[in-house]
Amino acid sequence: MKARIALLAGDGIGPEVTAEAVRCLRAIETRYGHNFEIDAAPVGAAAMDLGLEPLPSPTLAACQHADAILFGAIGALKYSDPNLKVRPEQAILGLRRELGLYANLRPVVCYPSIVDASPLKPELLTDVDILVIRELTGGIYFGAKTRTVDSASDLCVYSAHEIERIARLGARLARTRRSRLTSVDKANVLETSRLWREITTRIVATEFPDVILDHMYIDAAAMHLLRRPSDFDVVITENMFGDILTDEASMLPGSLGLCPSASLGDGRLGLYEPIHGSAPDIAGRGIANPYATILSAALLLRYSLQLEQEAAFLERGVIQALEAGVRTADLRPKTSAASTQQAGNAVLAYL
Ligand code: IPM
Ligand code: MG
């Protein structure tokens, strides 16, 4: 198959981890006889350093014309002053919004070979396989913001339509798994959550009667995620709750460096990125964990290019690398830590 992939490496460790994912995509391309046209474009602080906007219009155009986007990370210390008007983070928010990528799939899986990398007790981690679907283009992230000298506000708005499409996607994906759907909200306090709960209840009852739906408050969900993580199957939640909950969930496998994501809309175009940030403290040292980005490339193969076999093969490569004990520093290596490239090599050895 012929496919066009926009490569937005971005900032900090972004270029290092995406380089390994690209090597893996090239190996898949050769092995299966595909033709991937992979074109790099500047984004975030890297674009700002070139005197451009965080999301330059040629970069946005390249994304619009691509079949899929592989994204590294965004954010840099020199642009981290919260009072700056133009910030690198605006690029990823702009991409999600402009491309209509409203559903963010964040799988959280505990791999048996590295349970010891988690700060949690190993007996809690058996059979943990969670798919969090985070609403990505609404809520408090995108509502009107105001600021005076001594007050500020961020508006949280959700329309029925925005909730319905997440509820449907969650229920549809739950059907392909254990048919359990947990909707996370704060309906005891927030009006948007009350609407969220009302709509998810109706959609599941009328369109997916075979799916078991339960509702959980975000504070309770944050607790149960650590107390009984294997009970969760598919979780749907709004933008900010999903952001926070998935960073917490990354401690189940043991590192943000193991958690990929897929941002999807109504068409095939998707954006694939690790859920971790640009990690400026370790950038440029060749020690970052590339597995989350490689797993994101697998999601790219699965969801945008519909190459399920190739996706599963690439995921198998990461699992084999972990089973072979190839661990970057974040994964509590038993002996010496692997470099970013060595981790990539271990996946390539399998491929
Ligand atoms: C994420 C990140 C982003 C978010 C930041 C960089 C704007 O934390 O993708 O989880 O909050 O969505
Ligand atoms: Mg986040």
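A pocket, as the word is used here, is an open set of grid points with protein on both sides within 12 Å along at least five of seven lines, and its lining residues have an atom within 4 Å of a point. The structure is a predicted model, and the exercises below work through its pockets and its sheet.

**Exercise 1.** Work out which residues lie nearest the centre of the second largest pocket, and which elements contribute to its lining.

*Solution.* Begin with the volume of the second largest pocket, which is about 440 Å³. Next, consider its lining of 19 residues, among which P107, V109, D129, R177 and R302 lie nearest the centre. Then turn to the elements: β4, β5, α9 (291-303) and α10 (308-323) each give two or more residues to this lining, and the largest share, 4 residues, comes from α9. Sorted by class, the lining has 12 nonpolar, 1 polar and 6 charged residues. Finally, at least three lining residues are drawn from each of domain 1 (1-105 + 254-351) and domain 2 (129-251).

**Exercise 2.** Explain where the largest pocket lies with respect to domain 1 and domain 2.

*Solution.* The space in the largest pocket comes to about 1200 Å³. Of its 35 lining residues, R87, E89, Q90, L93 and Y141 are the closest to the centre. Two or more residues come from each of β3 (68-73), α4 (89-98), β6 (145-147), β7 (152-154) and α8 (239-249), with α4 providing the largest share, 7 residues. By class, this lining has 14 nonpolar, 8 polar and 13 charged residues. The last step uses the domains: because domain 1 (1-105 + 254-351) and domain 2 (129-251) both give residues to the lining, the largest pocket lies between them.

**Exercise 3.** Find which strands stand at the edges of the open sheet, and state why one side of each has no neighbour there.

*Solution.* Write down the order of the 10 strands, which is β2-β1-β3-β12-β11-β4-β5-β10-β8-β9, with mixed pairing. At the edges stand β2 (35-40) and β9 (212-217), and each has a single partner strand, so one side of each is left without a neighbour in the sheet. From one strand to the next, the twist averages 25 degrees.

**Exercise 4.** Describe how β8 pairs with β10, and which strands helix α5 lies across.

*Solution.* Strands β8 (residues 180-185) and β10 (residues 234-237) run parallel and are joined by 4 bridges; V184 stands opposite T237 in β10. Helix α5 (residues 160-175) lies across β4 (103-109), β5 (129-135), β8 and β10, and runs at about 165 degrees to β5.

Technical notes
Residues numbered from 1 in each chain as written. Chains lettered and ligands numbered in written order. Predicted model: local features only at pLDDT ≥ 70, side-chain atom pairs only at ≥ 80, totals over all residues. Heavy atoms only, no water. Pairing = 2+ DSSP bridges. Axes fitted to C-alpha atoms, helices over the stretch in contact; angles between N-to-C directions. Contact = heavy atoms within 4.5 Å. 1 Å grid on protein atoms, 1.4 Å probe; cavity = no way out; pocket = protein on both sides within 12 Å on 5 of 7 lines; lining within 4 Å. Points joined across faces, edges and corners; volume = space filled by probe spheres on them. Nonpolar A, V, L, I, M, F, W, Y, C, P; charged D, E, K, R; others polar. Domains from an automatic or database assignment.
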